[in-house]
Structures are given as C-alpha cells and as structure tokens.
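The following paragraphs lead the reader through a single protein chain, from a chosen residue to sheet, helix, core and charged pairs. The sequence and the structure should be kept in view throughout.

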Amino acid sequence: MTDIPLVDLHASHAEIADEVRAGFEAVLASGAYIKGPDVVAFEGEYAAFSGVRHAVGTANGTDALELALRAMELPPGGGVVLPANTFVATAEAVVRAGLTPVLVDVDEEHLLIDVERAAERLGDAVALMPVHLNGQLAPMESLLEIAGGLPVVEDGAQSQGATRHGRVSGSWGRISATSFYPGKNLGAYGDAGAVVTDDAELARAVRLIGDHGSARKYVHERFGFNSRMDTLQAVVLRAKLRRLPAWNEARRAAAERYDKLLGGLDGITLPHTLPGNEHVWHLYAVRVERDRDGVLAALQEAGIGAGVHYPVPVHLQPAFRQLGHAEGAFPVTERAAGQLLTLPLFPQLTEGQQVRVAEALTAALRGR
C-alpha cells in the first residue's frame with residue numbers, strides 16, 4: 001500500500017471541489033459542452049498568466065505541440081531540433097506534423113537541451129524545440145541567439161508559471177504548447193492542453209486546424225482535425241489557475257525541504273536549478289548512483305510512491321528506430337535514464353511526509 005503518493009490529486013481536488021461542482025452544474029444546465037463560455041474565459045486568463053496575447057485550448061498537450069508546428073507551415077519533412085531527454089510526445093508531435101525529429105543531448109548538470117549540441121544541428125533544421133523539463137526553463141536567451149531566424153517552439157508541458165530572468169514560460173518562443181494532463185502543475189480532470197503565442201495569425205491557424213479547418217460551420221479553409229478543449233475541463237482549469245501561484249510556491253518550499261533533508265546523503269545527486277530560473281518543481285528527481293531500480297523497489301515497499309520518468313530514451317524506443325540512433329548516441333541522456341528517481345512532490349505534501357521519504361531513501365541507499 002502506498003502511504004505517500006507520488007502525486008496526490010485528491011488533495012488538490014478537495015480545495016476546489018465546491019467551485020468545480022457549481023461550474024459543472026452551470027455547464028450541464030447550459031448544454032455548452034464544446035466551446036462554451038468557460039473555455040473562452042480560460043483562454044483569456046491563461047494567455048494573461050503566460051504573458052502573451054493569445055491562448056487556444058486543445059484536447060491534449062501532444063495535439064498542442066502538433067498544432068503549433070502545423071500552424072507555422074514549415075517545409076514538409078524538415079528537421080526540428082529537440083532534446084533526447086524528453087517524454088516521447090515531443091518527438092511524436094514532430095512526426096505527426098510531417099517533420100523529422102533531430103535529437104541532441106542535454107547538459108550534465110541540469111539535463112536541459114545542450115546549446116552547443118543544438119547549434120551543431122541547426123544548419124538543415126526548420127525549427128528549434130526546447131523542452132522546459134521538470135519545472136524549469138531551458139536556457140532560452142542562448143537558444144534564441146543560436147536559432148537566428150529559425151522559429152523556436154517551446155514545449156512547456158512541465159513549466160506552467162516557471163520563469164527565466166523574470167520572463168514566464170511560453171513567452172519566449174514564437175509559439176509554445178503545454179499540457180494539462182491531470183498530474184501537471186495545472187492539471188485538468190482528464191486530457192487538455194493549450195497553445196500560446198503573441199502572433200494573432202498563428203493563433204488563428206491553431207484554432208482553425210484544431211476545429212477541422214473550419215471557422216464557419218461546414219466551410220473548411222484547410223485540412224485539420226478535431227482537438228478542442230471541452231467546457232468541463234475549462235471549469236476545472238479556471239479554478240486551479242487561480243490557485244496555481246500559491247501551489248507553485250508550495251512546491252518550491254517542498255523542494256527546499258528536500259534539499260535540506262537529503263543534502264550530504266551519499267549515493268545520490270540532488271537536482272540543480274539553472275541560474276536565472278525560478279523553478280516550479282513539476283518533478284523532484286534525484287540521481288541514484290548505483291542500483292536505482294533496487295532503491296525504487298525499497299521505497300515502494302516502504303509505502304513511498306516514488307517513480308521513474310523516461311527509463312528508455314526516445315532514440316532507443318522501437319517506435320523511433322527509423323531515426324537510426326544506437327545505444328551510446330546520447331550518453332548524458334542515457335546515463336540519466338538509468339539513474340533518475342522521482343520523489344513525491346505536490347502542493348499539499350507535508351514536512352512530516354517528506355521526513356518519512358528522506359528516512360526511507362536513506363535506509364534504501366544504505367542497504368545497497
């Protein structure tokens with residue numbers, strides 16, 4: 001039995017239950033299940049939160065990435081440079097948009113896209129897609145510099161509310177996509193996502209493609225598909241967005257407690273924040289130097305809901321065999337895949353729970 005979950009969705013729900021119930025009742029009474037007024041309101045609120053002029057709700061985060069790429073009408077088959085250390089959806093969206101993933105390794109300390117490696121692959125690329133991982137931004141000022149005139153598309157699925165030099169996630173590139181999967185810092189009660197941009201034409205294109213290429217019923221300006229945010233999810237997201245700054249602050253406090261509880265513990269490396277970043281700690285992942293899977297099993301046996309994210313990198317997945325990368329192609333990513341261990345972290349996590357996690361982790365490491 002898991003006594004301390006990796007993510008406690010029930011605790012977040014308890015804080016907004018009354019507000020969501022009232023919102024759902026209003027939607028059910030109106031029958032505006034698709035493109036309802038709460039969707040319009042949420043799009044405006046999320047655009048303001050992201051420091052941009054436009055936000056377009058989508059059915060999920062993977063669609064949001066694909067729509068962002070399709071809206072720019074990039075040359076078919078063109079290369080999109082992205083980090084190997086990411087969830088498979090980043091590369092999936094590139095392929096679904098008719099483009100080619102161009103993977104590069106990440107830096108050893110922060111596990112974010114390596115700027116030098118990215119620069120080496122931009123010659124024949126049509127776009128650069130940095131991933132803001134675990135709650136912190138990639139080094140965007142350096143990436144924009146090397147990109148030159150190439151469009152930069154931010155994968156902001158794990159960074160809602162994070163900033164770099166005071167500038168918020170989603171406001172750096174030409175266009176950005178995010179996910180509202182339930183476990184995200186801003187999570188729906190199912191799948192949902194959004195694209196954000198300052199470019200009105202790109203926002204219109206995203207909305208058009210995600211609604212069957214149609215701005216007017218039965219008139220289809222371009223080929224599209226169905227990827228719309230439903231109104232019930234917008235109700236949930238509006239309630240959570242109002243609390244997100246406080247919840248992100250609670251995550252930061254929890255990460256600081258972990259740093260103090262685990263500092264100096266032999267056998268692990270704590271996560272690092274890139275200077276200039278304000279982290280929102282979507283995940284708190286330590287690196288276990290030896291027998292990560294054994295440590296994970298010991299934690300789970302002790303009732304600690306630890307986890308592993310991305311144990312098999314994108315380039316070693318059977319679905320991406322066509323990219324032609326063998327083991328050893330991206331050594332930093334591959335080492336991280338065998339070492340990273342995610343500890344429980346959510347806004348309502350208590351100090352007492354974190355002490356238990358630290359004690360269990362200490363015992364597990366000493367038993368290796």
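Is glycine 338 buried, partly exposed or exposed? The coordinates come from a predicted model, and in that model glycine 338 has a relative accessible area of 40%. Because buried means under 20% and exposed over 50%, glycine 338 counts as partly exposed. This glycine belongs to helix α11, which covers residues 331–339. Its separation from glycine 210 amounts to 128 residues in sequence and to 37 Å in space, C-alpha to C-alpha.

From there the description turns to the sheet. An open sheet is built from four strands, arranged in the order β1-β9-β8-β5 with mixed pairing. The edges are taken by β1 (54–58) and β5 (153–155); each has a single partner strand, so one side of each lacks a neighbour in the sheet. On average, and with direction ignored, neighbouring strands of this sheet are turned by 20° against each other. At the β5 edge, the strand runs parallel to β8 (residues 175–179), and three bridges join the two. Within this pairing, valine 153 stands opposite isoleucine 175 of β8.

Helix α3 lies across strands of this sheet, namely β1, β5, β8 and β9 (193–197), and runs at about 170° to β8. The helix spans residues 61–71 and is mostly covered, with ten of its eleven residues buried. Among the buried residues are nonpolar ones, including Ala64, Leu65, Leu67 and Leu69, but also Asp63 and Glu66. At the start of α3, a side-chain oxygen of asparagine 60 comes to within 3.1 Å of the backbone nitrogen of threonine 62. After the helix comes glutamate 73, which has a positive phi, near 50°.

The burial of α3 leads to the nonpolar interior. In soluble globular proteins, nonpolar side chains tend to be buried together. The largest nonpolar core here has 34 residues, of which Leu69, Val80, Leu99, Met129 and Ile175 touch the most other members. At least two residues of this core are supplied by each of α3, β2, α4 (88–96), β4 (125–128), β8 and α7. Its largest share, six residues, comes from α3. What surrounds leucine 99, apart from its neighbours within four places in sequence? Its contacts are Leu69, Leu74, Pro75, Gly77, Gly78, Val80, Val94 and Val126. A second core, separate from this one, has 28 residues and includes Leu270, Tyr284, Leu345 and Leu365.

Charged side chains form another set of links. Side chains of opposite charge can pair when their charged atoms come close. The structure holds 22 salt bridges. One of them joins arginine 222 to glutamate 73, with N and O 3.5 Å apart. This pair links distant parts of the chain, 149 residues apart: arginine 222 lies in the loop between α7 (200–209) and α8 (231–241), and glutamate 73 in the loop between α3 and β2 (79–83). Arginine 222, at 27% relative accessibility, is partly exposed, whereas glutamate 73, at 59%, is exposed.

The loop between α7 and α8 takes part in a further pairing. Arginine 204 and glutamate 221 form a salt bridge whose closest N and O atoms are 3.0 Å apart. Here arginine 204 belongs to helix α7 and glutamate 221 to the loop between α7 and α8, with 17 residues separating them. Both partners count as partly exposed, arginine 204 at 39% relative accessibility and glutamate 221 at 47%.

A salt bridge inside a helix is found in α9. There the side chains of arginine 252 and glutamate 249 meet, with an N to O distance of 3.0 Å. Both residues lie in α9 (residues 244–262), three residues apart, or about one turn of the helix. An α-helix has 3.6 residues a turn, so residues three or four places apart point the same way. Arginine 252 is buried, at 14% relative accessibility, whereas glutamate 249 is partly exposed, at 44%. Elsewhere, salt bridges with shared partners join Asp63, Glu66, Arg70 and Arg96 into one network. Two of these residues, Asp63 and Glu66, were met above among the buried residues of α3.

Note on methods: Residues numbered from 1 in each chain as written. Predicted model: local features only at pLDDT ≥ 70, side-chain atom pairs only at ≥ 80, totals over all residues. Heavy atoms only, no water. Buried < 20%, exposed > 50% of the residue type's maximum accessible area, 1.4 Å probe, protein only. Polar contact = N/O pair within 3.5 Å; in protein donor to acceptor, adjacent residues only side chain to side chain. Salt bridge = Lys/Arg side-chain N within 4 Å of Asp/Glu carboxyl O. Pairing = 2+ DSSP bridges. Axes fitted to C-alpha atoms, helices over the stretch in contact; angles between N-to-C directions. Contact = heavy atoms within 4.5 Å. Core = buried A, V, L, I, M, F, W, Y, C linked by side-chain atoms within 4.5 Å.
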